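Subject: Structure handover and notes

Dear colleague,

I am passing on the structure that I have been going through, and you will find it directly below. My notes follow it, arranged by region so that you can read them with the model open.

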Amino acid sequence: MQFRLLGPLEVENEGGVVDLGGRRQRAVLAYLLLHANQVVSTSQLLSALWADDAAPMTARKILQNAVWKLRGVLARPPRSEHTAELLTRPPGYLLRVPPQRVDLLDYRQRVAAGRAALTAGQVESAHKSLGEALSLWRGPVLADLVEEGICWPELTAVQNRRLNVMEDLFEAALACGRHQLILRDLENLVASEPLRERASGQLMVALYRCGRQAEALAVFGRVRAALVEGLGLEPGRELHRLQQAILTHDPSLEAPRAVGGRDAMGGRDAMGGRDAVTVTPAAPPAESAAVPADSPAAEDPCPTGPHESRTASVVMFRFRLGEELGRVLVEDRDRVLDALTQVAREKAELHGGRVTAVLGSTVLAVFAGTDPAEGAEHAVRTAAAVRDSLSVPTGTLAPPQAAVRGLTVHAAVASGAALLSRLPSEHVLPPWVGGRLVDTCRTMLSHVQAGEIHACEETRRQSEGAATFRRACASAVAPWELHMVKGDVPELSHGWAGAGDQVSELELTQHTLLRTQQRSAAHLITLIDDSGRARTRLLMEFQRRVEESHGGRVRVLAGTVPPPGAGSALSVPAEMLAAYCGIEPGGPEAHTTAQLRATLDRLGGDRGTGGDLYASLASLLRKGRTAFGPAVPGDLLRAWTAFLARAAREQPLVVIWDDLQFADDALLDVVEQLTQTHANVPLLNVVGADARLPRRRPGWATGRPRTVTVSLTPEPGDDLNRLLESLLPPVREPEVV
């Protein structure tokens with residue numbers, strides 16, 4: 001088995017990646033690997049798993065169960081003399097594992113060899129060993145556990161030492177004359193760690209050797225400003241000496257012409273033997289956002305080795321499991337997150353991208369094709385597909401909301417230059433993606449509200465032909481929020497994924513609309529679906545297609561009937577009326593009155609009837625009306641249907657209802673009879689409801705002309721069903737004390 005800690009925790013054998021079980025098992029294994037081949041006391045493990053005041057009474061039992069399950073994982077065949085063993089050793093446990101089987105131990109051995117070679121002046125060997133050591137990193141150490149709340153001092157120490165190793169590698173690269181190769185990585189490191197004097201000095205030397213003296217001096221100015229403003233300190237003596245050397249064009253700064261001696265950053269010049277400028281390292285901060293490249297190309301300013309800068313788009317998701325999911329046990333949450341990750345992975349691959357990192361509840365995917373606009377479009381479509389496939393629309397006018405109470409989906413898309421460890425076409429391991437683009441996307445994501453997708457300016461510009469955007473809220477980092485994805489792409493239209501049999505229902509509604517227009521006759525279609533997801537997605541897709549394909553020649557009014565106690569059944573007709581008249585919610589009453597009068601005057605009709613119609617419709621729009629007398633709703637609804645008939649005569653009209661099973665009897669009567677009371681107008685009435693509607697009205701719309709009722713076929717095996725299944729209690733192994 002191979003154990004990997006330098007990134008998300010992974011264990012791999014000949015059969016592939018090993019399932020380690022729940023969070024507790026993974027945390028216990030990770031802590032033992034951090035102290036591999038050492039006895040770890042039970043008290044240490046308990047402190048690592050729980051804070052002092054948070055450990056449950058059964059903490060020791062939980063730990064024993066985790067150890068027992070881990071032993072079963074480690075005992076899986078094939079076994080050999082190099083197989084890891086989890087042993088009980090007072091006062092705790094010992095994980096015995098060969099050092100070459102743990103990437104952290106392998107990394108430390110390579111670092112030690114590289115530093116020894118650097119001290120001995122063997123810079124080529126040092127460069128090779130240090131580069132190989134850093135290439136073992138796949139992200140922040142134990143990134144998945146950190147994302148889930150693990151915070152161990154050992155992790156910070158490993159992360160801090162990595163910065164020193166990076167600077168050692170840069171020193172070896174400068175000694176080998178590879179200043180152009182490391183320039184981009186040095187710039188990224190200094191940008192993310194502006195107080196590290198040693199790295200800043202190395203960047204100054206690299207820039208100077210590239211003929212960019214002014215930029216080298218600007219680096220000194222930036223690090224000095226950061227130190228003075230942040231800590232009240234001046235840069236060290238070595239950095240001041242380096243500044244003077246650049247100003248005087250000191251020959252010691254020149255690149256070595258032959259490998260074998262120490263370079264200008266190491267104390268002796270490779271050619272002349274005179275003293276060179278040295279820079280001492282500063283205290284390392286907590287973590288780094290840059291990873292240096294290791295490539296044999298010495299003078300290639302755009303290396304194509306393990307790390308290269310390429311134009312790409314990245315999409316980052318965060319799945320949050322709220323308090324409402326408290327009934328889901330901690331160890332079961334891993335299964336839920338696995339299901340969510342799989343959804344993201346499938347959608348990304350469907351659109352030509354790849355998931356490159358999974359850090360707990362955060363998933364990162366990259367789209368790095370040859371066409372930047374295509375990559376941005378695919379990233380946006382993936383973000384919409386993931387969100388919508390895990391959502392249930394609340395209405396045709398409302399954004400989709402969580403399919404499971406307590407689950408929220410957040411997404412951000414950024415486009416620009418990204419660092420890639422290898423081309424996405426290579427399938428050995430997912431490509432590492434980093435640099436400022438990923439940091440920008442992560443910052444954007446932290447300000448995204450549930451159900452939203454934010455995008456940077458470059459993403460909006462590249463994908464404006466495929467999507468529409470609106471300005472994000474003032475508190476957001478990204479300037480744009482995705483509004484709608486364009487094009488007849490079923491996969492992306494509010495979760496319209498794998499509709500299968502429902503394509504015929506969608507075609508039926510479109511064909512009925514065509515007949516409604518051609519014959520100028522009212523029609524009623526009722527869609528029955530108990531889950532709610534299929535019919536609501538169908539209604540939203542139908543509305544989108546009508547609005548896009550008819551170019552405004554057909555007017556659509558839509559609404560969702562609230563459940564009993566959540567609002568008046570008359571609120572939906574009122575919303576439709578306001579939308580048709582262009583009345584903003586909460587606007588001044590004078591504006592509402594004027595808009596309603598202007599609309600009725602435009603629609604025409606008998607003046608006497610128009611006056612009566614205006615009074616009733618004005619009452620329907622009156623603010624704060626949540627209850628009406630027993631006779632009033634019928635009068636208001638009759639006035640409302642008369643208004644619909646006038647509107648349909650002027651312009652073909654589609655009225656879409658969802659959750660009509662919640663309507664009261666008066667509203668049900670009006671909706672059912674529309675096709676009869678106003679038969680000779682181009683009005684298509686589309687109703688969505690569950691089985692409670694035909695139970696309440698056994699003869700709903702039966703035996704009437706121009707009416708049809710359809711029961712939608714369930715959607716087997718979709719993403720949402722997979723997620724819901726992952727929330728079910730698992731079959732558990734017996735606990736061992």
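Helix 22, which spans residues 665-677, lies across strand 17, strand 19, strand 20 (683-689) and strand 21, and its direction makes an angle of about 135° with that of strand 20. Please keep in mind throughout that this is a predicted model, and that every value below is computed from it.

The strands under helix 22 belong to an open sheet of five strands, in which the order is 18-19-20-17-21 and the pairing is parallel. The edges of this sheet are taken by strand 18 (555-560) and strand 21 (707-711), and because each of them has a single partner strand, one side of each is left without a neighbour in the sheet. From one strand to the next the twist averages 15°. Within the sheet, strand 17 (residues 523-528) pairs with strand 21 in the parallel sense over five bridges, and Thr-526 stands opposite Thr-709 of strand 21. Helix 18 (residues 571-581) also lies across part of this sheet, namely strand 18 and strand 19 (653-658), and it runs at about 150° to strand 18.

Two of the loops that lead into this sheet hold residues whose backbone angles you may wish to look at. Ser-520, in the loop between helix 16 (502-519) and strand 17, has a positive phi, near 50°, although it is a residue other than glycine. Arg-706, which sits in the loop between helix 23 (692-696) and strand 21, likewise is not a glycine and has a positive phi of about 60°. Are these residues buried or partly exposed? Ser-520 has a relative accessible area of 31% and is therefore partly exposed, and Arg-706, at 28% relative accessibility, counts as partly exposed as well.

At the start of the chain there is another sheet, an open one of three strands in the order 1-2-3, with antiparallel pairing. Strand 1 (2-4) and strand 3 (16-17) are at its edges, and since each has a single partner strand, one side of each is left without a neighbour in the sheet. Strand 1 and strand 2 (residues 10-13) are paired in the antiparallel sense over three bridges, with Phe-3 standing opposite Val-11 of strand 2.

Helix 2 (residues 42-49) is described here in terms of its buried residues, which are Thr-42, Leu-45, Leu-46, Ala-48 and Leu-49. When one looks down the axis of helix 2, these residues fall within an arc of 160°, so they line one face of the helix. They pack against helix 1 (23-34), strand 4 (39-41), helix 3 (59-74) and strand 6.

How are helix 2 and helix 3 oriented to each other? Their axes are 11 Å apart and they pack at an angle of about 100°, and because angles of 65 to 115 degrees count as roughly perpendicular, that is how helix 2 and helix 3 are classed. The contact is made by Thr-42, Leu-45, Leu-46 and Leu-49 on the side of helix 2, and by Ala-59, Arg-60 and Leu-63 on the side of helix 3. By character, the residues of this contact divide into five nonpolar, one polar and one charged.

Two further local features deserve a careful look. A cis peptide bond, with omega at about 5°, joins Pro-90 and Pro-91, and Pro-91 lies in the loop between strand 5 (85-89) and strand 6 (92-96). Ala-368 is found in the loop between strand 9 (362-367) and helix 13 (372-389), where its relative accessibility of 13% means that it counts as buried. The C-alpha atom of Ala-368 is separated by 6.6 Å from that of Thr-311, a residue 57 positions away along the chain.

Finally, for the protein as a whole, there are 24 helices and 21 strands, and buried residues make up 54% of its 737 residues. Of the contacts between residues at least 6 apart in sequence, 72% join residues at least 24 apart.

With best regards

How values were computed. Residues are numbered from 1 along each chain as its sequence is written. This is a predicted model: local features need pLDDT of at least 70, side-chain atom pairs count only at pLDDT 80 or more; totals for chains, interfaces and linings use all residues. Side-chain values use heavy atoms; hydrogens and water are left out. Two strands pair if DSSP finds at least two bridges between them. Helices (H or I, at least four residues) and strands (E, at least two) are DSSP runs, numbered from the N terminus. Axes are lines fitted to C-alpha atoms, for helices over the stretch in contact, and angles run from 0 to 180 degrees between N-to-C directions. Contact means heavy atoms within 4.5 Å. Buried means under 20% relative accessible area, exposed over 50%, partly exposed in between (1.4 Å probe, protein chains only). The arc is that of the directions from the helix axis to the C-beta atoms. Angles under 35 degrees count as roughly parallel, over 145 as roughly antiparallel, 65 to 115 as roughly perpendicular and the rest as oblique. Ala, Val, Leu, Ile, Met, Phe, Trp, Tyr, Cys and Pro count as nonpolar, Asp, Glu, Lys and Arg as charged, and the others, Gly among them, as polar.
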